[in-house]
Amino acid sequence: MSMAYKKVNIGGEAWDFQAQNTIEGVYVAKKENVGPNKSNMYYLRPEEGDDVAVWGSTVIDNQMMLVPINSKVKITYLGKAVGEKTNREYNNFMVEIWED
């Protein structure tokens with residue numbers, strides 16, 4: 001059996017949470033200070049297809065900091081929510097990690 005090198009390519013389309021409210025895959029990488037807002041970008045590798053990029057937000061960042069790289073995760077868009085202290089509307093998400 002011969003082995004070969006495969007080009008490492010972290011990228012892919014950004015997840016459109018309004019079109020597809022759930023994304024699942026293995027958390028393979030994180031980039032910081034991406035784009036004009038210097039956001040985090042998380043990369044998930046689904047079972048089929050190309051890697052998917054997930055833009056960070058306060059809600060996602062606070063949950064993803066507890067998730068180790070190479071963990072299987074599911075991120076679900078829960079809709080709009082209103083902050084208790086700020087009374088401002090934001091996009092709410094739930095991050096789940098797979099446990100055997």
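This dialogue goes through how salt bridges are read in a predicted model.

Me: What should I keep in mind about the model and its numbering?

Reply: The model is predicted, so local features need pLDDT of at least 70 and side-chain atom pairs count only at pLDDT 80 or more, while totals for chains, interfaces and linings use all residues. Residues are numbered from 1 along each chain as its sequence is written, and side-chain values use heavy atoms, with hydrogens and water left out.

Me: What is a salt bridge, and how many does the structure hold?

Reply: The term denotes a side-chain nitrogen of Lys or Arg within 4 Å of a carboxyl oxygen of Asp or Glu; the structure holds 4 of them. One of these joins Glu32 to Lys30, with the closest N and O atoms 3.3 Å apart.

Me: Is Glu32 buried or exposed?

Reply: Buried means under 20% relative accessible area, exposed over 50%, and partly exposed in between, using a 1.4 Å probe and protein chains only. Glu32, at 52%, counts as exposed, whereas Lys30, at 38%, counts as partly exposed.

Me: Which parts does the salt bridge between Glu47 and Lys72 tie together?

Reply: Strands here are DSSP runs of E with at least two residues, numbered from the N terminus. The side chains of Glu47 and Lys72 meet at 3.5 Å, N to O; Glu47 lies in the loop between strand 3 (39-45) and strand 4 (52-55) and Lys72 in strand 5 (residues 72-82), so the pair ties together parts 25 residues apart in sequence. Glu47 is exposed at 75%, and Lys72 is partly exposed at 29%.

Conventions. Helices (H or I, at least four residues) and strands (E, at least two) are DSSP runs, numbered from the N terminus.
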